[in-house]
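Student: Hi! I have a structure open and I'd like to go through some of its side-chain contacts with you. Could you help me find my way around?

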Amino acid sequence: MKHLLNLLAAIALLVWGTHLVRTGILRVFGANLRHVLAVSISNRLAAAVSGIGVTALVQSSTATSLIVSSFVGQGLVTLPLALAVMLGADIGTSLMAVVFSFDLSWLSPLFIFAGVVLFISRQDTNVGRVGRVFIGLGLMLLALRLVTASTEVLTQAPAVKALLASLSSDLLLEITAGAFLAVVSYSSLAIVLLTATLAASGVIPLDVALGLVLGANLGSGLLAVLTTLRSPVQVRQVPLGNLMFKLLGIVIAAPLIGLWLRHVRPYLDEPTTVVVLFHLAFNLLVGAVFIGWTQVIARWVEKLLPKPDKSKAGGRPHHLDPSALATPSLAISCAAREALHQADVVESMLLGVLQVIRNNDLRLAEDLRKMDDIVDELYSSIKYYLTKISREALAEEESRRWTDIISFTINMEQIGDIIERVLIDIEDKKIKPGRNFSEAGMAEIVELHERLVDNLRLGMSVFLNGTVRDAQKLLEEKARFRDLERAYATTHLGRLSANTVQSLETSSLHIDLISELKRINSHICSIAYPILDSAGALAPNRLRASALTDQS
């Protein structure tokens, strides 16, 4: 029992080491990896090569699948090119299995020592995250050595021999077992390395090991499909297409196991080498055979998972992809896109306010007030989604972006509430009593409204791009809008002194309306504060004059 527990602990350590490497790389290079994939996918061959490189670095074809799936969901990449990336991703993870099959145990203490020193000394920086990667690599190498030591003892146990012997007569059972282990461990790489180690220790025969390798490949495809089950259809199409590649590949490769053992095995000394090279050969075979079939597989996938009809209600794409939470930089991007949609809804409400004032449209006013419920729901959804992103997993820039998104959605939610109150006041104080603003008063409201819409669009641009120049311009608009509001309040009082009837009837609404528009503008302009603060261009109460001069 003690030796079995030692083996299980070694396997767990191998899986955990793989997890540390994957998450560490994504935390350090997550945004850059996404950029590399996005710009390098120009044709099928380039897409496959980029998939090899990114997956070799991340050591997880599942992580690559989630990134590429998000690109398809955003319409940045076509499905056939995304499937080509996945063919390369599977080759990349099999190349890493070959690298780890060599005896690199002497590097384990060095990696762990260096990683711990880096992680403890600079934990919240990229240096500390690189240390986390070193720790993961060291633990993987250590775990492989522990697996070898544990299996040498277990090999002698009759019960273990009988249990493993049951796999030797059924290839389908071996494939099923390998797929199950890959899904449970969240890593086909770890299972392939474990299988190679068990084969080298004589615990399982080579033919069983090769069957488990095929199963591990199938498991990695299943894992990506299961991870994206709750995602939009466009996101789920990539894992499904990759799973089809793996199923067809297994159909081709399964009958060739005997040929591999008969013709290739004599030229290879170590069973470990036989296993990992079979894993590599399988993925090279699948890549070579199906690189020209990506269009065909894409059509099959689109028939099985057709895109929803956008013309129907509820057809809007929702960007809060649960599967992206495993890649923090990707999840931040998803939250930002949903926040922009929230701002689009707020803009529609703001544009509709002027139509309600001009046309006394009660039905439109009611529809606009209902839109505030959508704004509130989006705020709650984005906030809940962001809370599921580990702050520790975010780089410094991504952590700032996390805060910016929260602040932006709060401002949009509060603007929606203000617009709802404004609409109620317009209904009660203007439309139902049958009153109208004076011509001069209406002109003032139109002027403020137009400036407000322009500022909202500028605020959305600042949130999206984060440019200091636009942020400064937005904050300058706050002062201009305040001065304009004061001037119009004064001219309104002048009209009251002149006993203008329309101004007397709508005085309360007019003053409240321009005051509420100023409050909305303040919420919009607050979007600029985080950008200017991070750029060092913001003093406690005003823009630094020198910074303004330098940046203009």
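Student: Which residues are linked in a network of salt bridges?

Tutor: Glu-447, Arg-451, Glu-477 and Arg-480 make up such a network. Keep in mind that this is a predicted model.

Student: Okay, take Arg-451 and Glu-477. How far apart are their closest N and O atoms?

Tutor: They are 3.5 Å apart, and the two residues form a salt bridge. This pair joins distant parts of the chain: Arg-451 is in helix 18 and Glu-477 in helix 19 (residues 468-497), 26 residues apart.

Student: And is Glu-477 buried or exposed?

Tutor: Glu-477 is buried, at 12% relative accessible area. Its partner Arg-451 is partly exposed, with 28%.

Student: How many salt bridges does the structure hold?

Tutor: There are 11. One of them joins the side chains of Lys-432 and Asp-428, at 3.7 Å from N to O. Here Lys-432 is exposed, with a relative accessible area of 57%, while Asp-428 is partly exposed at 41%.

Student: Got another one for me?

Tutor: Sure! Glu-516 and Arg-519 meet through their side chains in a salt bridge of 3.3 Å, N to O. Both are in helix 21 (residues 507-525), and because they are 3 residues apart there, about one helical turn separates them.

Student: What about burial for those two?

Tutor: Glu-516 is buried, with a relative accessible area of 13%. Arg-519 counts as partly exposed, at 38%.

Student: New topic: rings! How many aromatic pairs are there?

Tutor: A search of the whole structure turns up 5. Among them is Trp-260 with Phe-278, an edge-to-face pair with 5.6 Å from centre to centre and 70° between the planes.

Student: Why does that pair tie together separate parts?

Tutor: Trp-260 lies in helix 12 (residues 257-264) and Phe-278 in helix 13 (residues 271-290), so the pair connects parts that are 18 residues apart in sequence. Both Trp-260 and Phe-278 are buried.

Student: Is there a stacked one to look at?

Tutor: Yes, try Phe-408 and Phe-463: they are stacked, 4.0 Å centre to centre, with 15° between the planes. This pair also links distant parts of the chain, with Phe-408 in helix 17 (residues 396-431) and Phe-463 in helix 18 (residues 439-465), 55 residues apart.

Student: Are Phe-408 and Phe-463 buried or exposed?

Tutor: Phe-408 is buried at 2% relative accessibility, and Phe-463 is buried too, at 3%.

Student: Which residue lies over the face of Phe-463?

Tutor: That's Arg-401, at 4.3 Å from the ring centre.

Student: And which rings are linked into a cluster?

Tutor: Phe-245, Phe-290 and Trp-293 are, through ring pairs.

Student: Switching again: how many disulfides does a search of the whole structure find?

Tutor: It finds 0. If you want to look at cysteines anyway, Cys-334 is buried at 4% relative accessible area, and Cys-525 is buried at 0%.

Student: Last one. Which residues form a nonpolar patch on the surface?

Tutor: Ile-252, Leu-256, Leu-259, Leu-285 and Val-289 do, with about 340 Å² of accessible area together. Ile-252 sits in helix 11 (residues 233-253) and counts as partly exposed, at 35% relative accessibility.

Student: Thanks, I'll go and find those on screen!

Note on methods
Residues are numbered from 1 along each chain as its sequence is written. This is a predicted model: local features need pLDDT of at least 70, side-chain atom pairs count only at pLDDT 80 or more; totals for chains, interfaces and linings use all residues. Side-chain values use heavy atoms; hydrogens and water are left out. A disulfide is a pair of cysteine sulfur atoms within 2.5 Å. Buried means under 20% relative accessible area, exposed over 50%, partly exposed in between (1.4 Å probe, protein chains only). Patches are made of residues with over 30% relative accessible area and no salt bridge: like charges are joined within 9 Å, nonpolar side chains (Val, Leu, Ile, Met, Phe, Trp, Tyr) within 5 Å. Accessible areas come from the Shrake-Rupley method with a 1.4 Å probe; for residues, only the protein chains shown count as cover. A salt bridge is a side-chain nitrogen of Lys or Arg within 4 Å of a carboxyl oxygen of Asp or Glu. Helices (H or I, at least four residues) and strands (E, at least two) are DSSP runs, numbered from the N terminus. Rings of Phe, Tyr and Trp (its six-membered ring) pair if their centres lie within 6.5 Å; planes under 30 degrees apart count as stacked, over 60 as edge-to-face and the rest as tilted. A charge sits over a ring if NZ of Lys or CZ of Arg is within 6 Å of the ring centre and within 35 degrees of the ring normal.
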